[in-house]
Amino acid sequence: MIDAGWLNVGSLILGLIAWIIPIINLAGDKKQKNMKWIGLSIISFSACAIAICLQIFYNLHLVKIEDWAALGDTMRGVAVASTVLVIVTILLNSLTLFLYRDRGAL
């Protein structure tokens, strides 16, 4: 069985990927016809969703081992971090949509 600590590491990495992809997309040359922005936005949202799922699995692990103290200590932080992750991911991808909306997706 995989060590449950890796769920947090995976969640952090995927959360960063969810933000880095639209940032790179936005930092790219706007004059070029970047036709991959829709696919990259889907990958960004997928990374965000999987990051949150990994946190849910980590909380499930804490429940299974009955570590109520750890669960109680971390739930507020997980809730806040998940909310920030979702809001920033939506804002970054919405900005990408706004900037690239007139360019097709291929």
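Helices, of at least four residues, and strands, of at least two, are DSSP runs numbered from the N terminus. The exercises below use a predicted model.

**Exercise 1. Place Glu-66 among the secondary-structure elements, and describe its backbone and its exposure.**

Step 1. Start with the elements: the protein has three helices and zero strands. Read from the N terminus, their order is α-α-α.

Step 2. The helices α1, α2 and α3 span 5-27, 37-64 and 68-100. Glu-66 sits in the loop between α2 and α3.

Step 3. Consider the backbone. Most residues other than glycine have a negative phi. Glu-66 has a positive phi, near 60 degrees, and is not a glycine.

Step 4. Consider the accessibility. The cut-off for exposed is over 50% relative accessible area. Glu-66 has 55% relative accessibility, so Glu-66 counts as exposed.

**Exercise 2. Describe the largest pocket by its volume, its lining residues and the helices that supply them.**

Step 1. The space in the largest pocket is about 250 Å³.

Step 2. Its lining is made of 13 residues. Those nearest the centre are Ser-11, Leu-12, Gly-15, Ala-81 and Leu-85.

Step 3. Assign the lining to helices. At least two lining residues come from each of α1, α2 and α3. The most come from α1, which gives six residues.

Step 4. Sort the lining by class. Eight of the residues are nonpolar and five are polar, while no charged residues are present.

**Exercise 3. Which residues make the nonpolar surface patch of about 380 Å², and is Trp-6 buried or exposed?**

Step 1. The patch of about 380 Å² consists of Trp-6, Val-9, Ile-13 and Ile-17.

Step 2. Among these, Trp-6 belongs to helix α1.

Step 3. The relative accessible area of Trp-6 is 55%, and Trp-6 is therefore exposed.

Step 4. For the protein as a whole, 28% of the 106 residues count as buried.

**Exercise 4. For Ile-50, Ser-46 and Leu-99, give the helix, the exposure class and the C-alpha distance to a residue far along the chain.**

Step 1. Recall the cut-offs: partly exposed lies between buried, under 20% relative accessible area, and exposed, over 50%.

Step 2. Take Ile-50, in helix α2. Its relative accessible area is 43%, so Ile-50 is partly exposed. Its C-alpha atom is 9.0 Å from that of Gly-10, although 40 residues separate the two in sequence.

Step 3. Take Ser-46, also in helix α2. With a relative accessible area of 33%, Ser-46 is partly exposed. Ser-46 and Gly-15 are 31 residues apart along the chain, and their C-alpha atoms are 9.8 Å apart. Gly-15 is also one of the residues that lie nearest the centre of the largest pocket.

Step 4. Take Leu-99, in helix α3. Its relative accessible area of 39% makes Leu-99 partly exposed. The C-alpha atoms of Leu-99 and Leu-26 are separated by 8.2 Å, with their positions 73 residues apart along the chain.

Notes:
Residues are numbered from 1 along each chain as its sequence is written. This is a predicted model: local features need pLDDT of at least 70, side-chain atom pairs count only at pLDDT 80 or more; totals for chains, interfaces and linings use all residues. Side-chain values use heavy atoms; hydrogens and water are left out. On a 1 Å grid over the protein atoms alone, a cavity is a set of points where a 1.4 Å probe fits but cannot get out, and a pocket is an open set with protein on both sides within 12 Å along at least five of seven lines; lining residues have an atom within 4 Å of a point. Grid points are joined across faces, edges and corners, and a volume is the space filled by probe spheres set on the points. Ala, Val, Leu, Ile, Met, Phe, Trp, Tyr, Cys and Pro count as nonpolar, Asp, Glu, Lys and Arg as charged, and the others, Gly among them, as polar. Patches are made of residues with over 30% relative accessible area and no salt bridge: like charges are joined within 9 Å, nonpolar side chains (Val, Leu, Ile, Met, Phe, Trp, Tyr) within 5 Å. Accessible areas come from the Shrake-Rupley method with a 1.4 Å probe; for residues, only the protein chains shown count as cover. A salt bridge is a side-chain nitrogen of Lys or Arg within 4 Å of a carboxyl oxygen of Asp or Glu. Buried means under 20% relative accessible area, exposed over 50%, partly exposed in between (1.4 Å probe, protein chains only).
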